[in-house]
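Welcome, and please take a moment to turn the structure around before reading on. The report below walks through a few of its parts, one at a time.

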Amino acid sequence: MAQEEQKLATSRYAIGVDFGGTFVKLALLRFSEKGVKIEKFSSFPTKDYQRDALSDQLVIRIIKFKAESTYKGNRVRGVGIGMPGRIDFNQGMVFDLTNVPGWKNVHLKEVLQNKVKIPVFVDNDANLMALAESKFGAARGYKHCVCVTMGTGIGGGLIINGKLYRGMNFAAGEIGHMTLNENGPMCVCGGRGCAERYIGNRFILEEAMRQLRRGARSILREQLRNKFYNLTLEMLTQAARKKDEFSLMIWQEVGNHMGVVLADVVNFLNPEIIVIGGGVANAGALIMDPIRRVVRERAFQVSCRNLKIVPSKFREKAGIIGAGALVLTEVEKK
Ligand SMILES: [Zn+2]
């Protein structure tokens, strides 16, 4: 019993928010020696609310979690929010968001903190995924870590010497906008031939559909009955696991492209571990194998010695856990 009490005494609580393009997810998190646990969870569709109504919705839910926690005698240390865009971390200001309109130059930290009365921290979501994996997940115990999220966008977070590296203007880690082909197609960022333009999930599907329309042989052809626009990444993964040559080739290409980019990252940063997460990473070995092979083929041998390339531990929960981890990191710094 005494042991149990001690365990509770060392538990620390924080609220994590994963502000995505599709859903806003909140969790009351408990951190202890054993790791991290989601105590309470709630979510709502991002597009159901305009900007101010969305902030209000956040406030209501944060206050509810805080009250429930306080009722049980547990103090919530603060709120961490991960957002898909460019964020001034010091000021807690959102410069802009990639897939959510109406969020230009918003002082979110200030707005929320005045209402919820506990410290609020706002950061880029890929940074927070890196923090989650490095503090509690797949990269725990490593000093130099690169975390890549492969989804609609390709995000990157860097842990250097055990600390999150954000860069002068908080814009470091944009791995998805490293150039794969300088004469390639235009990217949303204004650049050309960015990695994301080839291996962002929409572009993986577009390329696969294009090849199917041009007559590529695949079991997906019968499955889709010419409605190629119904293709999903999950279908590509299932087909590849059934040894469908076409689907295997698509994943191989995705892995190759990511490998080329990561070989540059390895030569540039010489990390100990690369963690790969995001929806695209659910293809598992189908992309992990080519990524590992291409990195070893292309990066310096000395940089690859003892280098680990592993899947994310927390997967879709990495953002929310990282948001909570950010609170602890910042509050305990002071
Ligand atoms: Zn780009």
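Let us start with a single ring: F31 is buried, with a relative accessible area of 0%. Please keep in mind that this is a predicted model.

**Aromatic pairs**

The partner of F31 is F136, and F136 is buried as well, with a relative accessible area of 12%. The centres of the F31 and F136 rings are 5.1 Å apart and their planes meet at 35°, so this pair is tilted. F31 belongs to strand β2, while F136 belongs to helix α4 (residues 125–136), so the pair ties together parts that are 105 residues apart in sequence.

In total, the count comes to three aromatic pairs. Another of them joins F19 and W103 in an edge-to-face arrangement. F19 sits in strand β1 and W103 in the loop between β6 and α3, so this pair links parts that are 84 residues apart in sequence. F19 is buried, at 0% relative accessible area, and W103 is buried too, at 3%.

Here are these two pairs side by side:

| Pair | Centre to centre | Angle between planes | Arrangement |
|---|---|---|---|
| F19 and W103 | 5.2 Å | 75° | edge-to-face |
| F31 and F136 | 5.1 Å | 35° | tilted |

**The sheet that holds β1 and β2**

Which strands make up the sheet that contains β1 and β2, and in what order do they come? Five strands form an open sheet in the order β3-β2-β1-β4-β7, with mixed pairing. Its edge strands are β3 (35–45) and β7, each of which pairs on one side only. On average, neighbouring strands here are turned by 20° against each other, direction ignored.

Looking at individual pairings, strand β1 (residues 12–19) and β4 run in the parallel sense and share five bridges. Within this pairing, I15 stands opposite V79 in β4. β4 and β7 also pair in the parallel sense, over five bridges, and there G80 stands opposite F121 in β7. Seven of the eight residues of β4 are buried, so this strand is largely enclosed by the rest of the structure.

A helix also lies across this sheet. Helix α12 (residues 318–333) crosses β1, β2 (23–32), β3, β4 and β7, and runs at about 130° to β1.

**Helix α3 and its two sides**

Which residues of helix α3 are buried? In this helix (residues 108–116), they are L108, K109, L112 and V116. Viewed down the axis of α3, the buried residues fall within an arc of 90°, so they line one face of the helix. On the other side of α3, E110 and N114 are exposed.

The buried residues of α3 pack against α2 (51–71), β4 (76–83), β6 (93–97) and β7 (120–124). Just after the helix comes K117, whose phi is positive, near 60°.

**An arginine over a ring**

Where does R166 lie with respect to F89? R166 lies over the face of F89, at 3.6 Å from the ring centre. You can find R166 in the loop between β10 (163–165) and α5 (196–199). With 15% relative accessibility, R166 counts as buried. Leaving aside residues up to four places away in sequence, R166 touches F89, D123, N127, A171, A172 and L326.

**The sheet that holds β10**

The strand before that loop, β10, leads us to another sheet. This open sheet of five strands has the order β10-β9-β8-β11-β12, and its pairing is mixed. β10 and β12 (308–311) are the edge strands, each pairing on one side only. From one strand to the next, the twist averages 25°.

Strand β9 (residues 154–160) and β10 run antiparallel and are joined by three bridges. In this pairing, I160 stands opposite K163 in β10.

Two helices pack on this sheet. One of them is α4, the helix that holds F136; α4 touches β8 (145–150), β9, β10 and β11 (273–277), and its direction makes about 50° with that of β9. Helix α9 (residues 245–269) packs on the sheet as well, touching β8, β9 and β11, with its direction at about 155° to that of β8.

Note on methods. Residues are numbered from 1 along each chain as its sequence is written. This is a predicted model: local features need pLDDT of at least 70, side-chain atom pairs count only at pLDDT 80 or more; totals for chains, interfaces and linings use all residues. Side-chain values use heavy atoms; hydrogens and water are left out. Buried means under 20% relative accessible area, exposed over 50%, partly exposed in between (1.4 Å probe, protein chains only). Helices (H or I, at least four residues) and strands (E, at least two) are DSSP runs, numbered from the N terminus. The arc is that of the directions from the helix axis to the C-beta atoms. Contact means heavy atoms within 4.5 Å. Two strands pair if DSSP finds at least two bridges between them. Axes are lines fitted to C-alpha atoms, for helices over the stretch in contact, and angles run from 0 to 180 degrees between N-to-C directions. Rings of Phe, Tyr and Trp (its six-membered ring) pair if their centres lie within 6.5 Å; planes under 30 degrees apart count as stacked, over 60 as edge-to-face and the rest as tilted. A charge sits over a ring if NZ of Lys or CZ of Arg is within 6 Å of the ring centre and within 35 degrees of the ring normal.
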